[in-house]
Amino acid sequence: MNSSKNRYLASPYLIWSAGFIIIPLIMVLYYAFTDYDGRLTFSNVSAIIYYVNIKALVLSVIFSVVATLFCLLIAYPLCLILTTVIKNGSSFLSLIFILPMWMNSLLRTYAWQNILERKGVINGILAFLNLPPFYIINKPPAILLGMIYDFLPFMVLPVYNSVSRIDKDILNAARDLGADSFDTFVRIIWPLSLPGVISGITMVFVPSLTTFVISDILGGGKILLIGNVIEQLFTQDSDWNAGAGLSAILMIFIVISMFVTAKYDREDIK
Amino acid sequence: MSNKLIDLQHITKSYSGNTVLDDLCLYIRENEFLTLLGPSGCGKTTTLRIIGGFETPDSGQVLFEGKDITALPPNKREVNTVFQKYALFPHMTIADNIAFGLKIRKKSSAYIKDKIKYALKLVNLDGFEDRMPDSLSGGQQQRIAIARAIVNEPKVLLLDEPLGALDLKLRQDMQYELIRLKNELGITFIYVTHDQEEALTMSDTIVVMNQGYIQQIGSPVNIYNEPENAFVADFIGDSNIIEGVMIRDELVEILGARFDCVDKGFGENNPVDVVIRPEDIDLLGPGEGALDGVVTDTIFKGVHYEMCVMSRGFEFVVHSTDYYPVDSKVSISVHPFDIQIMHKPESEDEKAVEIDE
Ligand SMILES: Nc1ncnc2c1ncn2[C@@H]1O[C@H](COP(=O)(O)OP(=O)(O)OP(=O)(O)O)[C@@H](O)[C@H]1O
Ligand SMILES: [Mg+2]
């Protein structure tokens, strides 16, 4: 009787997901598999094999993998330090790392543009110190930096949650049974934090894969990621069918990473 | 039961200015079953954690077989702990949980397999190898925690309220099982509980603690029959603690009536505390005993009746197999050797007794 009541409570969510998730999804798929005249076609989807498109996709995957890796390498030790070394006030410190999330991401990205520009903040300081200038703007490192900075909180949050949820006595028990810090990490902390790591990876990987804003602003339009290609198809070429076709391809990648997450979520440790 | 296996010397520990243990001295002999008993927050767990190596004392030393191990990390100590909340590794099977310490020590897989089987048999959980911890009941998890600790053949097993989460029946079963285990394995047990009955049933030695001070160390019989102060008397079993005056050796005055007793050396006309166990009070007809009174309350407790008797403004708790209805007029009589005389607290240590009440 309780569950039928709960079903009513879920109805706003069902309406929401129908209106804003399911219907748009169907529309994307409809455009992807039809041409301008509404006839069934696979050419929009198969357009991925063109050199520009496949290059943009491969580049996107590489950028996303590298950005995700960096986020993990930064976030994981940080969370370990926050939960084990600095026990008091660690939630405050983690807040500081999550705080940028509350700022508009466009604003943050423009801020980086200002900092990295040829005559930007960094080069201003370098010139003042009589040091050679430092140009990474409009180059891959700038885009990577933007991705890492923008998406780091999405890694910190789940990893911090899973690491801080590990019972202190479980760690003590491992030490008690003879494990040194390394053993404790490999056998206890890492496997118990894996669900958080996996969801952190998807939460960074997916937006990195689809972003076009960061590559636009920090890449100066010179580096095309798959997101930029799709954006151009929609806005400059007004070719909704072609844009939807590539979006559908991109979705396959996202669905795969979701499946990986779901698999590990089911193995989540309560 | 010969030499000191663990020796705690002048241990002091405080958390942000709040002193939890103050100059604690305590030793544990080989093969002893020693219980730390005391109310919540008295520092039992802290003492255990210092022995286990999870906390460092602010001052003082921990000696193990005469060697100073105060700064040794837990993984280097020949001590294993059974944690209050089991602390099983949730991502490992029961077999992997038990094997954890052995794998760290790089034992052969045949040896590990044998040990797992042996340990599971010992705790009566054969066939649980492939189960996950969260599929076990509290009592079963508890036994796995014990199995996980003992396969490492520690010299000392530390147990922090291991039966706290279990129901009465299971707790009693586990008490017997623990004693059986201890006898089979011949390890030293340091056991923490706040359940006085459990302490009296299981221990060779009981250490009664309050507010970071040791109140009394002794055998269960000794602690029960001869509590050294009002705190111990009150904490161990029900008791009547009455202010009295020691008239002279072997004569004490309580509530204006004089009682013969067997205690000496408390001086003359000195104020003392007098402890009388509820089961040591005999109820007689009015005028026959030393103090007259009226029954104000009677509860049937199964084995006996628990009655309250009001006499000269003091309410005695009495356990008796004879039934007296409420409002009966009775009198109280006590055998001289059932009267326990205690000094009034004087020192700082003993004052801890009072604050807690
Ligand atoms: N890490 C800590 N930080 C601050 N105070 C602590 C810490 N650990 C223990 N204390 C304090 O030390 C005192 C003794 O704690 P301890 O855990 O030793 O009590 P206990 O006798 O085991 O009690 P219980 O029966 O409730 O488990 C308590 O007042 C507790 O609040
Ligand atoms: Mg405790």
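Colleague: What accessible area do the residues of the nonpolar patch with A:Tyr13 and A:Met27 have together?

Modeller: In this predicted model, local features need pLDDT of at least 70 and side-chain atom pairs count only at pLDDT 80 or more, whereas totals for chains, interfaces and linings use all residues. Residues are numbered from 1 along each chain as its sequence is written, chains are lettered from A and ligands numbered from 1 in the order in which they are written, and side-chain values use heavy atoms, without hydrogens and water. A patch takes residues with over 30% relative accessible area (Shrake-Rupley, 1.4 Å probe, only the protein chains shown counting as cover for residues) and no salt bridge, joining like charges within 9 Å and nonpolar side chains (Val, Leu, Ile, Met, Phe, Trp, Tyr) within 5 Å. The members on the surface of chain A include A:Leu14, A:Trp16 and A:Phe20, and the area of the whole patch is about 980 Å².

Colleague: Where in chain A does A:Leu14 lie?

Modeller: Helices (H or I, at least four residues) and strands (E, at least two) are DSSP runs numbered from the N terminus, and chain A comes to 13 helices and zero strands. Among these elements, A:Leu14 belongs to helix 2 (residues 11-32).

Colleague: Which residue does A:Arg108 meet in a salt bridge?

Modeller: A salt bridge requires a side-chain nitrogen of Lys or Arg within 4 Å of a carboxyl oxygen of Asp or Glu, and the structure holds 23 over all chains. For A:Arg108 the N to O distance is 3.6 Å, and the partner is A:Asp150. The pair links distant parts of the chain, 42 residues apart, with A:Arg108 in helix 6 (residues 105-116) and, in helix 8 (residues 140-164), A:Asp150.

Colleague: How much of the accessible area of ligand 1 does the protein cover?

Modeller: Polar contacts (N or O atoms within 3.5 Å; within protein, one able to donate a hydrogen and the other to accept it, with residues adjacent in sequence counting only if both atoms are side-chain atoms) set oxygen atoms of ligand 1 2.8 Å from a polar side-chain atom of B:Lys44 and 2.6 Å from one of B:Thr45. Of the 630 Å² that ligand 1 has on its own, the protein covers 60%.

Colleague: How far apart do the C-alpha centres of domain 1 and domain 2 of chain B lie?

Modeller: An automatic or database assignment sets the bounds, giving domain 1 (4-225) and domain 2 (238-356). The distance between their C-alpha centres is 38 Å.
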